[in-house]
Amino acid sequence: MVDNDCIFCKIAGGEIPSDTVYEDDLFRVILDLNPATKGHALILPKQHYANIYEIDEDTLQKLIVLAKKVACAMKDTLHCDGLNIVQNNGLAAGQTVFHFHLHIIPRYEEDGQDLNWIPGKSDPAEQKKLAGMIGAAIK
Ligand code: 5GP
Ligand code: ZN
């Protein structure tokens, strides 16, 4: 399914031009318009899925294999010192475009970016309860 009101559907389908790194039947890999670092890319499925809850497992499996290929290509060509893979779901998590996409962000020593979270403190009893609760809901 493609959503006619979705900008990433239009980019993935080639209706809106983009700096395309790679394309096949299922995906288009583009450079981010507002890159966090040099080479910041996005993998877009050509079908519309709003987020990780909606995307089908077969597409997701192929997507992670493609992510590895893109990551290796970045390492070889950009000689980045590290690489972050980020995928946001929902406004609270910083998602701004509601068409599933995977960020692949090459990292360079002293690039000045900070994608890290503030580490919290854990309570052993709560951790045990949470682990059991989430685990029991895995289908
Ligand atoms: P999100 O915050 O939803 O995880 O990420 C959306 C990303 O899409 C942002 O990094 C933003 O810079 C990028 N983006 C938004 N609109 C466009 C566009 O029209 N073209 C490209 N290439 N990237 C876009
Ligand atoms: Zn879409």
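**Zinc site, pocket and backbone outliers**

In this predicted model, the zinc ion (ligand 2) is held by four protein donors: the SG atoms of Cys-6 and Cys-9 and the ND1 atoms of His-48 and His-99, at 2.0 to 2.3 Å from the metal. The angles that these four donor atoms subtend run from 105 to 116°, so the arrangement counts as tetrahedral; the cut-off for that label is that all angles lie between 85 and 135 degrees. Along the sequence, the donor residues follow the spacing C-x2-C-x38-H-x50-H. One pair of donors ties together distant parts of the chain: Cys-9 sits in helix H1 (residues 7–12), while His-99 comes from the loop between strand S4 (82–86) and strand S5 (102–107), 90 residues apart. Both Cys-9 and His-99 are buried.

Helix H1 turns up again at the largest pocket, where it gives three residues, the largest share of the lining. Strand S2 (27–31) joins H1 as an element that gives two or more residues to this lining. The pocket has a volume of about 380 Å³ and is lined by 20 residues, with Phe-8, Ile-30, Asp-32, Leu-33 and Leu-42 lying nearest its centre. Sorted by class, the lining holds ten nonpolar residues, eight polar and two charged.

Then there is the backbone. Most residues other than glycine have a negative phi. His-79 goes the other way, with a positive phi of about 55° even though it is not a glycine. This histidine lies in the loop between helix H2 (57–78) and S4. His-79 counts as exposed because its relative accessibility is 57%, against a cut-off of over 50%. Glu-110, likewise not a glycine, has a positive phi near 65°. Its place is the loop between S5 and helix H3 (124–137), and with a relative accessible area of 80%, Glu-110 is exposed.

What of H3 itself, and how far does it reach from its first C-alpha to its last? The helix has 14 residues and spans 20 Å, close to the 20 Å expected at 1.5 Å a residue. None of those 14 residues is buried, so H3 lies largely in the open.

Conventions
Residues numbered from 1 in each chain as written. Chains lettered and ligands numbered in written order. Predicted model: local features only at pLDDT ≥ 70, side-chain atom pairs only at ≥ 80, totals over all residues. Heavy atoms only, no water. Donors = N, O, S within 2.8 Å, 3.2 Å for Na, K, Ca; no water. Tetrahedral: all angles 85-135°; square planar, octahedral: opposite > 155°, others 65-115°. Helix = DSSP H or I, 4+ residues; strand = E, 2+ residues; numbered from the N terminus. Buried < 20%, exposed > 50% of the residue type's maximum accessible area, 1.4 Å probe, protein only. Expected span 1.5 Å × (residues − 1). 1 Å grid on protein atoms, 1.4 Å probe; cavity = no way out; pocket = protein on both sides within 12 Å on 5 of 7 lines; lining within 4 Å. Points joined across faces, edges and corners; volume = space filled by probe spheres on them. Nonpolar A, V, L, I, M, F, W, Y, C, P; charged D, E, K, R; others polar.
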